[in-house]
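Trainee: Before I rely on the labels used for this model, I would like to hear the reasoning behind each of them.

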Amino acid sequence: MSSTKNDKKGTQSRKSQGRKSAEKKRIAVIPGDGIGKEVIAQAVKVIQAASANVELTEFDWGADRYLRDGTTVPADGFAMLARDFDAILVGAFGDPRVKTNIHAKEILLGMRFKMDLYANVRPVRLLDAALCPLKGIEPKDVDFVVLRENTEGVYTDAGGVFKQGTPDEIATQEDINTRKGVERIIRYAFQYCEEHSKLDGSPRKTVLMCDKSNAMTHAGGLWQRTFKEVSVGYPRITAQHMYVDALCMQMVRDPRQFDVIATNNMFGDIITDLAAGLQGGLGMAASGNIHPGRTSMFEPVHGSAPPIAGKNVANPFGAILTVAMMLRHLEFEKEADKIEAAVLAAVREKKTTQDIGGTLGTKEAGEWVASRVR
Ligand code: NAD
Ligand code: IPM
Ligand code: MN
């Protein structure tokens, strides 16, 4: 594996601006299903326009392949990704023809769990006031990041059903929280806060841990104790806490108060769709699934959106901003800056898809950004 991989900084590090672009990197591209295919086609176009020193290899993992030959992840697929690639770019998984969603579980959650990509980094940034449904909110007011634990919680599939189909049916879904898992995401959040500044250049100052420890006392207790212990090592950073229900209310009442948020897998999933709403909707939100020093995976926050798939209406900007995040992670700072600037210009000039007020199709919006980058 490359020794120049950006181990500690995760993504969006402002400190490393101006550094020279990195050596050639290998990127696996897995478009997946539905609008995943459409937005990734545009994201790839933008990578090529940026002339980053990368080699792209596409994989057909997804519903079509599963329905054709029963394969979700080919044998040794995750070992191959870790061995042969520096990063993975993913679209989305989910297809109405696959009722069990088994392929999404095995591919997407498989990558997160089996490659141990424990930090799901979801930046929340408003590019233009017109995109935010809240009144009086400007871009500088929405600049926070959610660090979602990505390898445990209720996503481990621990549990089961008993007496299915009878009036006595029982279903359990266990919430698994390990000391190691909780500690490493909390530590990642404090490190992230130390190493990243806000977009206006001011330092990040606060890590807020979000849980439901008033009701879920066992898991919450572990998160509370761990958060307190880890925070002692970061005296410059203010450690705050909020229950997840209160946080949802605060996020729509005043997003200015948030800086770095650390939370568990499910709360992180839910609050980042809410946070995407502040950015203009799911079409605008980017994310990275990171294990420092290992091959990490980057994907837009949205899903495969079956009702709008194949219609050339999906917003490709979440996927394109995801590419910028991935390139920054791979130390292609200049290329990442260029892509982010082009998306910002597209938003300001309304060269966008309809969901955020423009009139362009997916391809045309992607092409506009690509030509701006070129
Ligand atoms: P979704 O994100 O696909 O769609 C939610 C809403 O947002 C829909 O109204 C959709 O039209 C809109 N939307 C999403 N992305 C958009 C874009 N780029 N441009 C414009 N509008 C966009 O979530 P869902 O409807 O709950 O799920 C659909 C399928 O996707 C399900 O199978 C779900 O499991 C899957 N899913 C996959 C991922 C992933 O692979 N990372 C993430 C979320 C959902
Ligand atoms: C996401 C998605 C996934 C999740 C689903 C598809 C399992 O909603 O990436 O946000 O819950 O993590
Ligand atoms: Mn989600």
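The exchange below takes up the aromatic pairs, a charge over a ring and the nonpolar core of this predicted model.

Trainee: Why is the pair of phenylalanine 59 and phenylalanine 85 called edge-to-face?

Mentor: Their ring centres are 5.7 Å apart, and pairing asks for centres within 6.5 Å. The planes stand at 85 degrees, and because planes over 60 degrees apart count as edge-to-face, that label applies to phenylalanine 59 and phenylalanine 85. Phenylalanine 59 lies in the loop between strand S2 and helix H2, whereas phenylalanine 85 lies in the loop between helix H3 and strand S3, 26 residues apart.

Trainee: What makes the pair of phenylalanine 144 and phenylalanine 258 tilted?

Mentor: The centre-to-centre value is 5.7 Å and the planes are 55 degrees apart, which is neither under 30 nor over 60 degrees, so the pair counts as tilted. Phenylalanine 144 is in strand S5 and phenylalanine 258 in the loop between helix H7 and strand S10, so the pair ties together parts 114 residues apart in sequence.

Trainee: How do you know that arginine 148 lies over the face of tyrosine 155?

Mentor: Arginine 148 is placed over that face at 5.2 Å from the ring centre, and the distance limit is 6 Å, with a further condition on the angle to the ring normal.

Trainee: Why is the largest nonpolar core, with 89 residues, said to lie between two domains?

Mentor: Domain 1 (22-121 + 285-374) and domain 2 (133-278) both contribute residues, so the core lies between them. Among the residues with the most contacts inside this core are Phe144 and Ile261.

Key:
Residues numbered from 1 in each chain as written. Chains lettered and ligands numbered in written order. Predicted model: local features only at pLDDT ≥ 70, side-chain atom pairs only at ≥ 80, totals over all residues. Heavy atoms only, no water. Core = buried A, V, L, I, M, F, W, Y, C linked by side-chain atoms within 4.5 Å. Buried < 20%, exposed > 50% of the residue type's maximum accessible area, 1.4 Å probe, protein only. Domains from an automatic or database assignment. Phe/Tyr/Trp six-rings, centres within 6.5 Å; stacked < 30°, edge-to-face > 60°. Helix = DSSP H or I, 4+ residues; strand = E, 2+ residues; numbered from the N terminus. Lys NZ or Arg CZ within 6 Å of the ring centre and 35° of its normal.
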